[in-house]
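Trainee: I'd like to learn how to read side-chain contacts in a model like this. Can we go through it feature by feature?

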Amino acid sequence: MLSTEWAKRVIAVLLLLIMGAFSFLFLTDWIPESKFVRDSFESLENSKDTVMTFSAATLSASLAITTFPDDFATPLAETLADMNVYLIAILTLLLFEKILLQYGLYSAFAIIIPIACGFGIAFVFTKKIAFKSLAVRLGILALAVAFVIPCSTFITDVVAHDLLEYVDNTITETESGADKVNAAIQDTTENKTIFEKLSELFKTAIHDVQDFMLHCQNSIRKCMNSIAILILTNCIMPLMTFFVLKWILKELFQIALPMPPLRRKDLPTPKAKAEPVAIGE
């Protein structure tokens with residue numbers, strides 16, 4: 001019986017050592033070069049270019065609107081310029097995701113998983129639940145950190161493809177609108193008003209200030225919708241993917257392990273009740 005128990009322990013230790021060595025020597029080189037991860041890098045780079053182009057488009061439109069006389073469109077120009085605060089925040093998060101994808105993969109397979117295997121070996125010899133819990137939790141953390149960004153970018157490309165097309169169309173319209181406003185202002189034709197020039201360029205009826213303000217408000221509304229889409233696809237979806245992936249791993253491998261209490265309090269032994277003695281016996 002003793003030899004069988006030790007044989008099981010030796011097999012478990014060998015499996016954990018092989019798993020840690022395989023993760024450190026093979027997965028650290030193979031996973032980052034896989035198509036799944038390379039596609040994720042490309043998707044993050046495209047998202048970064050989209051945000052930077054969007055920021056340039058809103059700034060160009062803001063500068064174009066401020067050139068109108070009497071400063072009647074200044075509030076709209078300031079609104080467009082203020083959108084860059086959200087775009088900078090999205091760009092910062094994209095850069096963080098890129099760093100996490102680049103260094104998180106290496107950390108997960110070269111550091112965290114071997115450490116988890118070490119705690120697993122400690123559990124085999126000591127049979128302490130705390131080591132087993134740490135090993136499993138570190139394994140979950142490694143897999144979640146390694147695959148949260150690739151999974152989120154894949155889901156975004158599949159689910160939010162139409163939404164991203166809306167963002168691209170908004171950027172194109174914003175850039176084109178800024179160019180048309182600049183062209184109308186620089187046009188030196190004297191027999192046409194600025195609004196007639198805008199009507200010809202935009203191919204729509206812009207008769208007065210109110211019509212132009214309405215057109216700018218529609219453009220701002222599209223820009224706000226596009227920023228909301230970028231926040232959803234680049235900020236919320238990675239966070240949701242992390243928790244969903246963590247839950248899937250937890251349910252798949254049944255790793256909900258209770259942590260042992262730090263201190264074990266011995267319960268007091270109940271005292272035996274004295275039996276009543278009958279009087280007169």
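Trainee: Is Glu 173 buried, partly exposed or exposed?

Mentor: First, keep in mind that this is a predicted model. For exposure, you compare the relative accessible area with two cut-offs: under 20% is buried and over 50% is exposed. Glu 173 has a relative accessible area of 44%, so it is partly exposed.

Trainee: Which residue does Glu 173 meet in a salt bridge?

Mentor: For a salt bridge you look at the gap between a side-chain nitrogen of Lys or Arg and a carboxyl oxygen of Asp or Glu, which has to be within 4 Å. Here the partner is Lys 222, with an N to O distance of 3.0 Å. The contact ties together distant parts of the chain, since Lys 222 belongs to helix 8 (residues 209–253) and Glu 173 to helix 6 (residues 161–186), 49 residues apart. Lys 222 is partly exposed too, at 32% relative accessibility.

Trainee: How many salt bridges does the structure hold?

Mentor: There are 4 salt bridges. One of them joins Lys 35 and Asp 39, at 2.8 Å from N to O. That pair sits within helix 2 (residues 35–66), with the two positions 4 residues apart in numbering, about one turn of the helix. Lys 35 is exposed at 56%, whereas Asp 39 is partly exposed at 32%.

Trainee: Where are the two partners of the Lys 98 and Glu 45 salt bridge?

Mentor: Start with the distance: the closest N and O atoms of Lys 98 and Glu 45 are 2.7 Å apart. Lys 98 is in helix 4 and Glu 45 in helix 2, 53 residues apart, so to speak a link between distant parts of the chain. Lys 98 has a relative accessible area of 26% and is partly exposed, and Glu 45 is partly exposed with 26% as well. Don't stop at the pair, though: Glu 45, Lys 48 and Lys 98 are connected in a salt-bridge network.

Trainee: On to the rings. Why does the pair of Phe 119 and Phe 131 count as stacked?

Mentor: Two numbers matter for rings, the distance between centres and the angle between planes, and under 30 degrees counts as stacked. The count here comes to 5 aromatic pairs. In the pair you picked, the centres of Phe 119 and Phe 131 are 6.2 Å apart and the planes lie at 25°, so it is stacked. It links helix 4, which has Phe 119, with helix 5, which has Phe 131, and the two are 12 residues apart. Phe 119 is partly exposed at 25%, and Phe 131 is partly exposed at 23%.

Trainee: Which residues do ring pairs link into a cluster?

Mentor: Phe 22, Phe 26 and Trp 30.

Trainee: Which ring does Lys 127 lie over?

Mentor: Lys 127 lies over the face of Phe 123, at 5.5 Å from the ring centre. Check the backbone there as well: Lys 127 has a positive phi of about 60°, though it isn't a glycine. You'll find Lys 127 in the loop between helix 4 (84–126) and helix 5 (129–159), and it is partly exposed, with a relative accessible area of 44%.

Trainee: Last one: how many disulfides does the count give?

Mentor: The sulfur atoms of two cysteines must be within 2.5 Å, and the count comes to 0 disulfides. As for exposure, Cys 223 is buried at 1%, while Cys 235 is partly exposed at 22%.

Terms used. Residues numbered from 1 in each chain as written. Predicted model: local features only at pLDDT ≥ 70, side-chain atom pairs only at ≥ 80, totals over all residues. Heavy atoms only, no water. Buried < 20%, exposed > 50% of the residue type's maximum accessible area, 1.4 Å probe, protein only. Phe/Tyr/Trp six-rings, centres within 6.5 Å; stacked < 30°, edge-to-face > 60°. Lys NZ or Arg CZ within 6 Å of the ring centre and 35° of its normal.
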